[in-house]
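Visitor: Could you take me through a close look at the cysteines here? I am new to this structure, so please explain the terms as you go.

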Amino acid sequence: MADLSINMCGIKSPNPFWLASAPPANTGDQVMRAFDAGWGGAVWKTLGNPIVNVSSRFGAIEYGGRKVMGFNNIELISDRPLSVNLKEIAEVKKRYPNHAVIVSLMVESKREWQEIIKRAEDTGCDGLELNFGCPHGMCERGMGSAVGQEPKVLEEITRWVKEYAKTPVLVKLTPNIGDILEPGVAAVRGGADGLSLINTIKSIMGVDLDRRVPLPRVGEGSTNGGYCGPAVRPIALHMVGTLARDPETRHLPISGIGGVSNWRDAAEFIALGSVSVQVCTAVMHHGFRIVEDMIEGLSDYLDSQKLTLDQFRGSAVGGFREWGELDLNYKVVANINADLCIGCQKCVAACQDGAHQCIFSGPADQPRPPHAHHPGVAEAPKPLPLGKLAGDRVPWIDEPECVGCNLCALVCPVDGCITMQEVPNPAGVDTWQDRMATGRDHVPGGIFDAE
Amino acid sequence: MDTPYSLPAERLEVRLPDAKPKYTSAEARAEAERCLYCHDAPCIEKCPTEINIPEFIHKIASGNTLGAARTILAQNILGYTCARVCPVEVLCVGACVYNEWHKTPIAIGRLQRYATESLLEHEALTGQAVLRPKTPTEGRRKVALVGAGPASLACAAYLALEGHEAVIYERGALPGGLNTTGVAPYKLHSEDSLREVAYVQSLGVTLKTGVEVGRDLSASSLLNDHDAVFLGMGLGADARLSIADEAGPGVWGATALIEKIKNDASFKLPAVKRATVVGGGNTAIDIARELAQLGVAEVVMVYRRGAEHMSGYKHEMDLARKEGIRLVGWRQPVAVLRDAAGGVSGLRLRDTQQGGEETLSTELVVLAIGQEKIKGLTDAFGGIALDQKGCVVADAKTRQTSNPKVYAGGDCINGGKEVVNAVADGRDAARAMIQRWFAA
């Protein structure tokens, strides 16, 4: 069993799995039950001056019968008295000394920051997280994402906090910006010990088509909320990867957040440089129990790869490149395993209508499209592929025409039926940057080319 | 959709509940979401009316239920009853790619019922028609249809939707054909068939019941007064065995008995403990199951060959066996045995393989060995060829008979197939008529 313990800028945790600052980390009772279930740490629901919340507060997207593919909320920071939260944090830390307890904070004035930092640290907590990300309600009061979207303000408040804080300070970033490096670099300049990202994305979850009011509905109106859940993971991975590879920010440890539901999702964040990962939506959907799979799955994966967590962390950052650094000579071609094919021909529809017209069905189905890259007429293989399950409904591929786009493999419902096979490349690597550097990037058919 | 046709509430069939009730919207969407939405889908190919099944299921999944019904009705105007009576296991559902993948195939019949029944409910609730007849641009034609079964209803409906006049003549008191008189109650009650008939009427079809062509109305007058005639008269009386003591009480034809169970409020099932059904087709299985479900303790099916030779579907026979029905194969009835009072006491059977005879004790015998052809009627129309079995010969594409003005469809051309085949016939005949009238 791999050692999953981490030390993130001095915050120690038995594993990298933390509850994000959100409804699951609202009370001492919840956090203690989460620790009992196996969570390594928790970032407490943001403390500040208590607020009044609205009803309703959450919205979700269902896709293809799967619930909560995406989720949003218009709930604000903790609505419980500060003293109650602080007493519970102290109690949790006393009972679970080896778990990471981080207190999320959001206040306005420097005096408030000074006071709340002192009171938070008096609980014995392991660190602080500055909520510069909340994109609804709090930003209208000049806090949350209103700070995260202004690098100068973010830097200054971080500096105030570092002036007073004795424990490590994580700055939580909003994705509602043009370039994540701007707030990331500002946090570095302000003296942050680590970064947490992403906070939620500004969103409207949908529209109630009967009442014609956006969702989630509060009476006759709604407001933009924070989008999260499995659907946002690709956006979060991009932002985490961007900070993990940039020379100005890469020395700061990252707590990755955004749609983590299982060990695989968590491993992806860690591979792109996260030290810890924070989870909210999946817990709101399924409960604290999901951490069992996360611990077991990550540990088994590391063992199978013969890697320690430290060796694995950041191991995919080097593969995150600019487009111009990609090898233009690399080629893959789709291959259909006739024995696994069930004959649904989703790949035919997808390729013909949505990609490059190189997958066909039956012997007569071979009109070559006018834009063909490859001269000549596609010829059906003889004999036609015959499947164990699909019989003569197995499609065939015009391989010279296939651009290796992946679409057929993505839409195929059968795991492993369509695979992308690498075509040998004797020419060696050639990138757009190489072509530009050596003046070879002329592609015929441009604006000023003769017909 | 008011209909003048109604049935008394108390009938035997009402005791046999719907085996596959309408899905709730949540059930329908959950099932629809499972559909892969195949390209050039094999389920479409297996449907005799070629309904665009993946398309209507996709619409159910998006909540576009009326759109789903439109997709169905465009190809099969009797999509509601077909959803309930089709042997989907050997048609669309049997072709679902999930079968080969060892996953549960999509419940296409139940989804089709959901969409079409929702349309009927929507129209009843709002009074607004989803499908509306066109105004014909090149003149309105008039067609007479003989028999108000699925073939004629479909033909008439598609003619009416194109703006043409369609008048159906039905000799019986109730329209709907076997959908009203013959479908097993656990699949479809007669009211539901009449509900669909009323829907067809709402499209502009005229229905005249209690009018027998050849008796009340001459064939020549139909030919003279209409641009075309469609024959959809189905089949005649249940076939008999012609064996000793067959005539008399206690021996029933299957379709006659089923019609009593379904529609005759005064009909009481004879208080018997043992009943024997002769035949190996789907009608035999239907009546055997109906008798068992109505409380006959011992129901036996007698068939002249083995189970593997039965024309009845295996999935239906499996259900029959689960209800305790036994099959006695390789036996042919040679005589009905009667007691002193004239009641049935047994059936004398001959072993069709080994020879020799034995007696099966039974108090009721039901003959499900096919139906006679309706004779004479086709002669009256003149120039209509029949095949060796007495079926009307009709073109495979146009359903035109050897009399160019007369088209035919349903059981009278195929000798007894599914409702969905009759619908395909009627629809194709309507399309062919219109093509013939207006082709440049």
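Guide: Let's start with B:Cys155, which is buried, at a relative accessible area of 0%; buried means under 20% relative accessible area, exposed over 50% and partly exposed in between, using a 1.4 Å probe and protein chains only. This is a predicted model, where local features need pLDDT of at least 70, side-chain atom pairs count only at pLDDT 80 or more, and totals for chains, interfaces and linings use all residues. Residues are numbered from 1 along each chain as its sequence is written, chains are lettered from A and ligands numbered from 1 in the order in which they are written, and side-chain values use heavy atoms, with hydrogens and water left out.

Now to the sulfur atoms. A disulfide is a covalent bond between the sulfur atoms of two cysteines. Here the term covers a pair of cysteine sulfur atoms within 2.5 Å. Searching the whole structure turns up zero disulfides over all chains. B:Cys155 fits that result, being in no disulfide: its nearest cysteine sulfur belongs to B:Cys412 and sits 12 Å away.

Chain A offers a second example. A:Cys139 is also in no disulfide, and the nearest cysteine sulfur, that of A:Cys134, lies 6.6 Å from it. A:Cys139 is buried as well, with a relative accessible area of 18%.

So, to bring your close look together: B:Cys155 is buried at 0% and A:Cys139 is buried at 18%, while the search over all chains finds zero disulfides.
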